[in-house]
Amino acid sequence: MYVEETINKYEKYINPAQAKLFRFMGLDSVEAEASGWIIKDSNGKEFIDCLGGYGMFALGHRHPKVVEAVEQALHTMPMCGKVLFNRQMADLAEALADITPGALQYSFFVNSGTEAVEGCLKVARLATKRTNFVAAKNAFHGKTMGSLTATGRDLYRDPFKPLLSGFTHVEYGDADALAAAVDENTAAVILEPIQGEGGIIVPPAGYLAKAKEICQAKGALLIADEVQTGMGRTGKWFGVDHEGVEPDLMACAKALGGGVMPIGAIIGTPDAWKGLIEAPFLHTSTFGGNQLACAAGVAAIKVMKEENLLERGSEAGAYLKAGLEKIAAEFPSVITEVRGRGMMIGIELTKEGAGGMLMSLMIMKNIIVAYTLNNPKVIRMEPPLIMPKEVIDHVLEAFRDAVAQTADVIEDL
Ligand code: PLP
């Protein structure tokens, strides 16, 4: 009963087109409860979550240790009074300084990925007293004005112009193009270690290290947008760790809240933080750093370590990718390439229309996957790092069936 009511309210009060699209995809129920890699809907139907909330559910849904930590904060001091010291925030900042590379040390907490990116842009201008930024074409950094300016897709940008000034976009993965674009006015270069929404694009080996060198040579900062690649998604704590690169600023969010609380962080080196140390109230947030979210972050990092999730995620990801590569070899008319690292995998299709079809077929088989926001030709899988082999086997079997069905009609798509 409440299902129809909820969908009607979406149509009336949220967005009728979105409600229609969900129905069209076969999503006509309400999510009711979730645990681990399973989302149960209002009809009691269970879905395997291979999308992981766009990369948020590294620990799966409702990890009991994260829930417990949040409950404790809930019953003591859920929101920060902002005047006295806040223990959970201090603990999380320390934990992040411990797991992030190089000299990254100071954290400022926010509530989302886009806010973390906005903060990095502001801190970079403050630290360097320069105005300009270089970002990558096809990048996705969020949809508030600053991060949207850094985002490299016109579809999302054009309706909101004029955006911020001083941004240049260069080809992702092309170090020469980057070197040519960075000059003495560049405050920072902002890059995703793997482009997520752009279609799970892994840059050529050495690209990130070269980007750091270019920044250093020109006195610009390197901002790593680890909103999606961070917190173990790629098999290491952060995407830059695959190349031993030490950014000056890092944006982190999504899985940082353990899949239980929304939280983002701007993390910086002492050099990058200079301006904020001189004037700590130049950047503030009412909700940012609240105890509920920080307690979730501390618990999430602890669980990652205790349950050895970097190694588990990396092994599970390699297993899933190998299975998908086999399917790709069997159906070249549908899949051109499988790529990614750890549990961040993209499946490039031969035709854009195949993305919607595969997504619908998988949903009919009770498995949630989606295409990437910038690139509908790429289906992405970002399951919880804890997903066991038997479940991955089941996902692969279902995916093979869906691809076989798509192959039968690929000419008409
Ligand atoms: N940066 C990257 C790399 C992302 O993938 C995303 C979201 O997908 C964002 C920033 C924006 O995060 P949020 O949706 O929490 O604002």
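Here are four short exercises, with worked solutions, on the predicted model shown above.

Some ground rules: in this predicted model, local features need pLDDT of at least 70, side-chain atom pairs count only at pLDDT 80 or more, and totals for chains, interfaces and linings use all residues. Residues are numbered from 1 along each chain as its sequence is written, and side-chain values use heavy atoms, with hydrogens and water left out.

**Exercise 1. The domain split and its interface**

Task: Work out which residues make up domain 1 and domain 2, and what area they bury between them.

Solution:
- Start with the bounds, which come from an automatic or database domain assignment. Domain 1 covers 2-62 + 308-412, and domain 2 covers 64-306.
- Next, take the centres over C-alpha atoms: they sit 26 Å apart.
- Now count contacts, meaning heavy atoms within 4.5 Å. That gives 29 residues of domain 1 against 37 residues of domain 2.
- Then get the buried area, i.e. the accessible area (1.4 Å probe) that two parts lose on being put together, summed over both. It comes to about 2800 Å², with 57% on carbon and sulfur atoms.
- On the domain 1 side, Arg-341, Met-344 and Asn-374 supply 28% of the area buried against domain 2, more than any other three residues.

**Exercise 2. Polar links across the interface**

Task: Find how many salt bridges and how many residue pairs in polar contact there are between domain 1 and domain 2.

Solution:
- A salt bridge here is a side-chain nitrogen of Lys or Arg within 4 Å of a carboxyl oxygen of Asp or Glu. Between the domains the count is 2.
- Arg-380 also pairs with Glu-197 in a salt bridge, the closest N and O atoms being 2.4 Å apart.
- A polar contact is a pair of N or O atoms within 3.5 Å; within protein, one must be able to donate a hydrogen and the other to accept it, and residues adjacent in sequence count only if both atoms are side-chain atoms. Using pairs with both residues at pLDDT 80 or more, you get 16 between the domains.

**Exercise 3. Around the ligand**

Task: Which residues put polar atoms 2.8 Å, 2.9 Å and 2.7 Å from a ligand oxygen?

Solution:
- List the surroundings first, taking residues with a heavy atom within 4 Å. Among them are Ser-112, Phe-140, His-141, Asp-225 and Lys-254, and Glu-197 from the salt bridge with Arg-380 is there too.
- Two backbones come next: a polar backbone atom of Gly-113 is at 2.8 Å, and one of Thr-114 is at 2.9 Å.
- Finish with a side chain: an N or O atom of Gln-228 is at 2.7 Å.

**Exercise 4. Backbone oddities**

Task: Where is the cis peptide bond, and which non-glycine residue has a positive phi of about 55 degrees?

Solution:
- The cis bond joins Lys-161 and Pro-162, with omega at about 5 degrees.
- The positive phi belongs to Arg-62.
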